[in-house]
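Reader: I would like to learn how to read helices, cores and ligand contacts from coordinates. Please take one feature at a time.

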Amino acid sequence: MEDSYRQQGKRKILVEQIREKGIKDEKVLAAINAIPRHLFMDSSFEDHAYQDKAFPIAAGQTISQPYTVAFQTELLQVKSGEKILEVGTGSGYQAAALCELGAKVYTIERQLELYKKTKNFLQKIGYRPKYMSFGDGYKGLPEFAPFDKIIVTAGAPYIPKALLSQLKVGGRMVIPVGEDPQIMTLLKRQSVKKFEKETFGEFRFVPLLEDKA
Ligand code: SAH
């Protein structure tokens, strides 16, 4: 699992591109700089790893665009030690970014193949989410709730009620809402019943799939 000077150099350039696109949080930029994104992709696509683009991974899914990961992470305002739920583990890249920021990460993936592969892989490169779950993100993880922050990394046709109920009062949830494209949406829980909503423009994600019973 090599991380060469050449790859590190490309990553620095990527970080500067993301900064130019408007990401200001130095801790988020440092996390992007620290994660060997090329290892999250098939080795034959390594050359694409440090372009600021989403890319196909296993099981018809994608690794999110680095700018999008930085954007969502910045909106979350992660503090070390916080308990964070991620819906849509995918390649594990976003989960790695949350680990870099010192969060206790709980993450859910609905595709078995990807869940297994990413669990092994994160272990191997030294990222340690608190809990990786194979299951349906629409349901969240009630047994571990409440969470300080929740991040959804697939396009949600609507905001799942279970996720809202698993967010702490004072917590933040970042979720792309809509069919195609999605509108990046920030929800701040102000009281048990009250959520403040802010939106941040269009993004494109693979869909958050609902399992039909
Ligand atoms: N966070 C990922 C992005 C992966 S793309 C990364 O950094 O690479 C979105 C992921 O959400 C896909 O892996 C997809 O399988 C998963 N997904 C879609 N619907 C889901 C659901 N209902 N529950 C959990 N995961 C889901």
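Author: Start at the ligand: one of its nitrogen atoms is 2.7 Å from a polar backbone atom of L209. That is a polar contact, a pair of N or O atoms within 3.5 Å; within protein, one must be able to donate a hydrogen and the other to accept it, and residues adjacent in sequence count only if both atoms are side-chain atoms. The model is predicted, with local features needing pLDDT of at least 70 and side-chain atom pairs pLDDT 80 or more, while totals for chains, interfaces and linings use all residues. Residues are numbered from 1 along each chain as its sequence is written, and side-chain values use heavy atoms, with hydrogens and water left out.

Reader: Which other backbone atoms does a ligand nitrogen approach?

Author: A polar backbone atom of G137 is 2.7 Å from a ligand nitrogen. For R110 the corresponding distance is 3.4 Å.

Reader: How many residues surround the ligand?

Author: A residue is near a molecule if one of its heavy atoms lies within 4 Å of it; the criterion for a strand is the same. Here 26 residues surround the ligand, the closest being G88, S91, E109, G137 and L209.

Reader: D136 precedes G137 in the numbering. Is D136 buried or exposed?

Author: Buried means under 20% relative accessible area, exposed over 50%, and partly exposed in between, with a 1.4 Å probe and protein chains only. D136 has 14% relative accessibility and therefore counts as buried. D136 is found in the loop between β5 and β6; such helices (H or I, at least four residues) and strands (E, at least two) are DSSP runs, numbered from the N terminus. The D136 side chain reaches the backbone nitrogen of Y138 at 3.0 Å.

Reader: What does D136 touch beyond its sequence neighbours?

Author: Contact means heavy atoms within 4.5 Å. Not counting residues up to four places away in sequence, D136 touches I108, L209 and D211. D136 and I108 are 28 residues apart in sequence, yet their C-alpha atoms are 7.0 Å apart.

Reader: How do I check a helix, say α5?

Author: Compare its end-to-end distance with the expected span, which is 1.5 Å times one less than its number of residues. Helix α5 (residues 112–125) has 14 residues and should span 20 Å; its end C-alpha atoms are 20 Å apart, which agrees. The buried residues of α5 are L114, Y115, T118, F121 and L122. They cover an arc of only 145° around the axis, so they are on the same side of α5. The arc is that of the directions from the helix axis to the C-beta atoms.

Reader: Why would residues spaced like that share a side?

Author: An α-helix has 3.6 residues a turn, so residues three or four places apart point the same way. On the face of α5 turned away from its buried side are the exposed residues K117, N120 and K124. The cover over the buried residues of α5 includes α4 (93–100), β4 (104–109) and β5 (131–134). Just after α5, G126 has a positive phi of about 95°.

Reader: What does α1 show on the same checks?

Author: α1 has 16 residues and reaches 23 Å from its first C-alpha to its last, close to the 22 Å expected. Q7, R11, L14, V15 and I18 are buried in α1. Seen down the axis, these residues fall within an arc of 105°, so they line one face of α1. They pack against α2 and α3. The face of α1 turned away from its buried side carries the exposed residues Y5, R6, K12, I13 and E20. After α1 comes G22, whose phi is positive, near 120°.

Reader: Which residues touch the most other members of the largest nonpolar core?

Author: A nonpolar core is a set of buried Ala, Val, Leu, Ile, Met, Phe, Trp, Tyr and Cys residues joined through side-chain atoms within 4.5 Å. The largest has 46 residues, of which I18, I23, I32, F40 and L98 touch the most other members. Elements giving two or more residues to this core include α1, α4 and β8 (182–189). Apart from it lies another core, of 19 residues, among them Y138, F147, L163 and V177.

Reader: How should I read K149, in strand β6 (residues 147–152)?

Author: K149 is buried, with a relative accessible area of 4%. Its side chain reaches two backbone oxygens, that of L76 at 3.0 Å and that of Q77 at 2.7 Å.
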